[in-house]
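Thank you for making room for this on the agenda. I would like to go through one model with you, taking the contacts between side chains before the internal spaces.

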Amino acid sequence: MLAQGLYKRGGSSDLQRAKEELSFCFKSSRSSFTINMWEIDGMVKKGRRKTPGLAGNKKALEVNLPESSRKFITCIRKYLLFYLRLLEETGDVNTLERAFNSLRSDKRFALCVEDLVPVAIGRYINALVASMSQVESGGAKINPDSQLEKIFSLFIEQGSIWPDIRNFPETKDPETSERILHRFLHQYIVSLELDNKVETLETINEKIRKRFKNPKLSNSFSAKVGRHASLAWCRALIISLASITPLQQVSSAESQAINPSSSSSDYLENRRVLCVDLQSAFWNSSFENPSESQMLEAKWGPVLSKIKNVLIANKASEENLEIANFLLKSCYSYFRETASVTLPSEINLYFALPRLVTAGKLLPGTEGVEVIDVSIPRKLLLWAYTLFHGHCGSISQVVKHMEENTKPKMKRGATTSSVVPSVQSGGNNEPEAAPKHVQVMVSDSLGGDSCGSTSAPM
């Protein structure tokens, strides 16, 4: 066969030519990969055989198959294995992806080739790893993010059989070890965090949680990836909340307007507002790889460094309300679904009187200052709620409010369009205006003894 001859010759362009010679067996005008081979025997020539249906391939399991059918099945398997090898060695990632998806959903030849699906997965993984290696060495001009996303999708779908695939003789490759694969998984999560893609991080956390909640599918590597994804989601939420938090200083006049003098201690208690303080040690914790911390600090450090005893007396600005609404929902999801992982502890929240902030007396233990000692997911939920509503409440009030506003929508099957925050790195604290295509209908009052002030007109 010509393709085999070209492959054995091994010239610079022979691999590509061998693949092209064999591609007619696995390509059609409508698909980049399909088994385009048919059995021809005497009955077909005489016009007496009908086109077999989807169940026609069941004869492959019969012991008394005619010799032509046995040879046909052997031919399909032989050429398919050879074609998958050619696709891997030529780096044709897209066709391998199509081949993997086509083979596992094929019904016409399922009984003949279903055991070759893991081989297709292995070839596909090897090609992805090889393409990423070329990107890292500067020898290929392809988008690494798309390749990393494909590796992560394979981890979610087929991660439980990766150890078996690596041991197949057809797909065994020393450059595709489990350690290398997991390095690319962590690299994908870091790229999402650098771009502050909160919605994508929320999605992959949900996929990891659903996929690996079964202990039989989980192992130390998958647990490590899940922990990294959860931490990345947490940090992305912190960066997004910091980017839309108003930083204007509260003047003495505004302080008096927010908190007029009163002899009633109850009145003072109900007029306290939320204060947020991020410590500088934020970048020194919860990172297993120091290089990740350095990259994130270089990009997002200027944004977080401004959150020093910031008093949130008003809502987020009008152009950021949609982002605040999205972040509130994402923080609630994080509060409900996050696993038990060690989260960054350098986030301090206080209930305080505005006059104490302007006087520089915001210290734990000072009269009128109450430290909010709750978990990090609860702190993020309080922060997001205050940015969207312009006032704060106890964590139990906020959780109750979110439960009441999410359950009816789930029962009615209503869907809302989420707005992904677009945050500028560096010192610019004003994110791009979000598209306003969702009408938000949320009451500003929690009822009961909520605390804080209504937002001043911007």
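Which residue forms a salt bridge with Arg77? Before I answer, please keep in mind that this is a predicted model, and that every value I quote has been computed from it. The partner is Asp115, and the closest N and O atoms of the two side chains are 2.9 Å apart. Asp115 lies in the loop between helix 6 (110–113) and helix 7, whereas Arg77 belongs to helix 4, so the salt bridge ties together parts that are 38 residues apart in sequence. Neither end is hidden from the probe, since Asp115 has a relative accessibility of 44% and counts as partly exposed, while Arg77, at 25%, also counts as partly exposed.

That pair belongs to a wider set, for the count of salt bridges in this model comes to 10. One of them joins the side chains of Asp92 and Lys19, with 3.0 Å from N to O. Here Asp92 sits in the loop between helix 4 (67–89) and helix 5 (93–105), and Lys19 sits in helix 2 (residues 14–22), so parts of the chain that are 73 residues apart in sequence are tied together. Are the two partners buried or exposed? Both Asp92 and Lys19 are buried, and I would set that beside Asp115, which is partly exposed.

A further salt bridge brings together Asp195 and Lys299, at 3.7 Å from N to O. This pair links distant parts of the chain, with Asp195 in the loop between helix 10 and helix 11 (198–211) and Lys299 in helix 15 (residues 290–304), 104 residues apart. Asp195 counts as partly exposed at 38% relative accessibility, and Lys299 likewise counts as partly exposed, at 26%. Salt bridges with shared partners also join Arg209, Arg336 and Glu337 into one network.

Let me turn to the aromatic side chains. A search of the whole structure finds 10 aromatic pairs, and among them is the stacked pair of Phe26 and Phe33, with 5.8 Å between the ring centres and 10° between the planes. Phe26 is buried, at a relative accessible area of 0%, and Phe33 counts as buried as well, at 1%. Phe33 is found in the loop between helix 2 and helix 3 (42–45), and its C-alpha lies 5.6 Å from that of Ala99, although these two residues are 66 residues apart in sequence.

What is the geometry of the pair formed by Phe152 and Phe155? Their ring centres are 5.9 Å apart and their planes stand at 55°, so this pair is tilted. Both residues lie in helix 8 (residues 144–158), with a spacing of 3 residues, or about one turn of the helix. Phe152 and Phe155 are both buried, and together with Tyr188 and Phe212 they form one aromatic cluster. There is also a contact between a charge and a ring, in which the charged end of Arg183 sits over the ring of Phe184, 4.7 Å from its centre.

That leaves the internal spaces. Rolling a probe the size of a water molecule over the atoms shows where empty space is left. How many cavities of 30 Å³ or more does the structure hold? There are 2, and the largest contains about 60 Å³ of space. The residues that line the largest cavity include Asn126, Trp162, Arg166 and Asp173, and the elements giving two or more residues to this lining are helix 7 (117–136) and helix 9 (162–166). By character, the lining of the largest cavity divides into 4 nonpolar, 4 polar and 2 charged residues.

The second largest cavity holds about 50 Å³ of space. It is lined by 11 residues, of which Phe155, Gly159, His182, Asn219 and Ser222 are the closest to its centre. Phe155 is therefore a residue we have already met, as a member of the tilted pair with Phe152. Helix 10 (178–194) and helix 12 (220–244) each supply at least two residues of this second lining, which divides into 5 nonpolar, 5 polar and 1 charged.

Key: Residues are numbered from 1 along each chain as its sequence is written. This is a predicted model: local features need pLDDT of at least 70, side-chain atom pairs count only at pLDDT 80 or more; totals for chains, interfaces and linings use all residues. Side-chain values use heavy atoms; hydrogens and water are left out. Rings of Phe, Tyr and Trp (its six-membered ring) pair if their centres lie within 6.5 Å; planes under 30 degrees apart count as stacked, over 60 as edge-to-face and the rest as tilted. Buried means under 20% relative accessible area, exposed over 50%, partly exposed in between (1.4 Å probe, protein chains only). Helices (H or I, at least four residues) and strands (E, at least two) are DSSP runs, numbered from the N terminus. A charge sits over a ring if NZ of Lys or CZ of Arg is within 6 Å of the ring centre and within 35 degrees of the ring normal. On a 1 Å grid over the protein atoms alone, a cavity is a set of points where a 1.4 Å probe fits but cannot get out, and a pocket is an open set with protein on both sides within 12 Å along at least five of seven lines; lining residues have an atom within 4 Å of a point. Grid points are joined across faces, edges and corners, and a volume is the space filled by probe spheres set on the points. Ala, Val, Leu, Ile, Met, Phe, Trp, Tyr, Cys and Pro count as nonpolar, Asp, Glu, Lys and Arg as charged, and the others, Gly among them, as polar. A salt bridge is a side-chain nitrogen of Lys or Arg within 4 Å of a carboxyl oxygen of Asp or Glu.
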